[in-house]
Amino acid sequence: MDSVLARDWIWAFATAAHAEKRRLTTLDSAIGDGDHGVNLCRGLSRVRELLLRDEEAPGAAGELFTETGALLRSHVGGASGVLYGSAFQAIGGALPMSEVDVDRFADALDAGLAATVKLGAAVPGDKTMVDAFTPAVTAFRDFRSAQPADVGTVSQVPARARDLADAAQAAAVAARDGALATIPMQARKGRASYLGPRSIGHLDPGAASTELLFRSLALAAKG
Ligand code: ADP
Ligand code: MG
Ligand code: MG
């Protein structure tokens, strides 16, 4: 993970959120207050402005994640703003160097998830973004540890870069499966929990946006 990939990831996430703004908002209309897509795009528009402003002199990856987190916290509004905001701030805080290897980045993703869990107190099964975030981070790390050390000899692409792209792809698939698994769940956190059993049968909007987050990472890492 370096500053170029960090920018590409965040830009891809902002683009995906804008493309799926209506869908995210529609999902939130079914079991929440119908603003998730609008909320996220409000914050991510600010983040895009930051990326465009910094284009000439990009800062380190960690710095960019921290600044992104702060913008999401102050501009998204709604529960997802502080949750995603804290996640990005924690990811940024866990990346002190300008370029880190995949294992170090896995630690940073872990820190992001931990911040979200600490703040929102949701566990897997509560029908929240944590249901997509948790399996994504696990898949990212497991994919790494399952790789033999000499895997980088067959391709032209540097092993490090390909590792990250493959781990990110595994994370994206796990996030998608995790998001889909929220459909039969009854919500125990956030606005959807007010609906009790009526929350069953709907995809959680935050889990859907977390799928976009990891799909964007996979897209950016593929280059
Ligand atoms: P709000 O509910 O304030 O309108 P959003 O609509 O932007 O905020 O985001 C709703 C999403 O936030 C939910 O779909 C869920 O995934 C997530 N969420 C809500 N509360 C929590 C929580 N305590 N822990 C984790 N995620 C949560
Ligand atoms: Mg909402
Ligand atoms: Mg709201």
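This report describes the overall fold, one helix pair and the ligand surroundings in a predicted model.

## Overall fold

The protein contains 9 helices and 0 strands, so that, read from the N terminus, its elements follow the order α-α-α-α-α-α-α-α-α. Its radius of gyration is 17 Å, close to the 17 Å that the globule rule gives for 223 residues, and the protein is therefore as compact as a globular protein of that length.

The C-alpha trace spans about 50 × 40 × 30 Å along the principal axes, and 51% of the 223 residues count as buried. Among the contacts with a separation of 6 or more, 70% are between residues that lie 24 or more positions apart.

## Packing of helix 2 and helix 9

The axes of helix 2 (residues 21-31) and helix 9 come within 8 Å and cross at roughly 155°; because angles over 145 degrees count as roughly antiparallel, the two helices, helix 2 and helix 9, are described as roughly antiparallel to each other.

In this contact, Leu24, Leu27 and Asp28 of helix 2 meet Pro205, Ala208 and Ser209 of helix 9, and the residues involved divide into 4 nonpolar, 1 polar and 1 charged.

## Surroundings of ligand 1

Around ligand 1 there are 23 residues, of which Gly78, Gly120, Thr128, Gly190 and Gly206 come nearest. The elements that give two or more residues to this shell are helix 3 (36-53), helix 5 (78-93) and helix 9 (205-222), and helix 5 gives the most, with 4 residues.

By class, the shell around ligand 1 consists of 8 nonpolar, 9 polar and 6 charged residues.

Note on methods. Residues numbered from 1 in each chain as written. Chains lettered and ligands numbered in written order. Predicted model: local features only at pLDDT ≥ 70, side-chain atom pairs only at ≥ 80, totals over all residues. Near = placed C-beta within 6 Å. Nonpolar A, V, L, I, M, F, W, Y, C, P; charged D, E, K, R; others polar. Axes fitted to C-alpha atoms, helices over the stretch in contact; angles between N-to-C directions. Parallel < 35°, antiparallel > 145°, perpendicular 65-115°, else oblique. Contact = placed C-beta atoms within 7 Å. Rg over C-alpha atoms; globule rule 2.2 N^0.38 Å. Buried ≥ 20, exposed ≤ 12 C-beta atoms within 10 Å, placed from the backbone.
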